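Please walk me through the salt bridges of this structure, with some attention to how exposed their partners are.

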Amino acid sequence: MSRELCRRDGCTEVKRVGGANDLGADVTGRLPDGRKIVVQCKRYAKHRTVGSPDLQRFNGTARSEHGAEVPLFVASCKFTKQARTFAARHRLVLVDVDLLGFWNSGTALTTLLDLDIGRSGTNHKLTPDS
């Protein structure tokens, strides 16, 4: 899905690279302004959260292995406060389940890149019934 959304929003050279030994990249491409974007996607149940360790692993490979100028982590759930703090400190872009809904509904990726992820989102964990 992120590959198609990136293309819709004017990204070029968009490729799906995920799979075994992908070193944390599911999609790569170029933003409309030419910067290289590397996307890691996690499909977790809504009641789960993505924590700092997942972002630390992604941060360790996005720039050094894939040359990301814009590392983007997309998740089908929320990020913990510690994860958001880590992401803000290391300039990682986070798209949680709520922002993914906006992106999927037509909000441009470039708009999402400008959000202050250090303050956005919530660490509220949904119950499995939600």
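A good place to begin is aspartate 9, which counts as buried because its relative accessibility is 16%, and buried here means under 20%. This residue belongs to a predicted model, and its side chain forms a salt bridge with arginine 8, the closest N and O atoms being 2.9 Å apart. Arginine 8 itself, at 38% relative accessibility, counts as partly exposed.

That pair is part of a broader set, since the structure holds 8 salt bridges. Another of them is formed by glutamate 13 and arginine 30, whose closest N and O atoms are 3.8 Å apart. Glutamate 13 lies in strand β1, which covers residues 12-16, while arginine 30 lies in strand β2, residues 27-30, so the salt bridge ties together parts that are 17 residues apart in sequence. As for exposure, glutamate 13 counts as exposed at 53% relative accessibility, whereas arginine 30 counts as partly exposed at 27%.

A further salt bridge joins the side chains of aspartate 96 and lysine 78, with 3.5 Å from N to O. This pair, too, links distant parts of the chain: aspartate 96 sits in the loop between β7 (93-95) and α4 (97-104), and lysine 78 in strand β6 (residues 78-79), 18 residues apart. Both aspartate 96 and lysine 78 are buried.

Finally, salt bridges that share partners join Glu13, Arg30 and Glu69 into one network, and the glutamate 13 and arginine 30 of this network are the pair described above with its closest N and O atoms 3.8 Å apart.

Note on methods
Residues numbered from 1 in each chain as written. Predicted model: local features only at pLDDT ≥ 70, side-chain atom pairs only at ≥ 80, totals over all residues. Heavy atoms only, no water. Salt bridge = Lys/Arg side-chain N within 4 Å of Asp/Glu carboxyl O. Buried < 20%, exposed > 50% of the residue type's maximum accessible area, 1.4 Å probe, protein only. Helix = DSSP H or I, 4+ residues; strand = E, 2+ residues; numbered from the N terminus.
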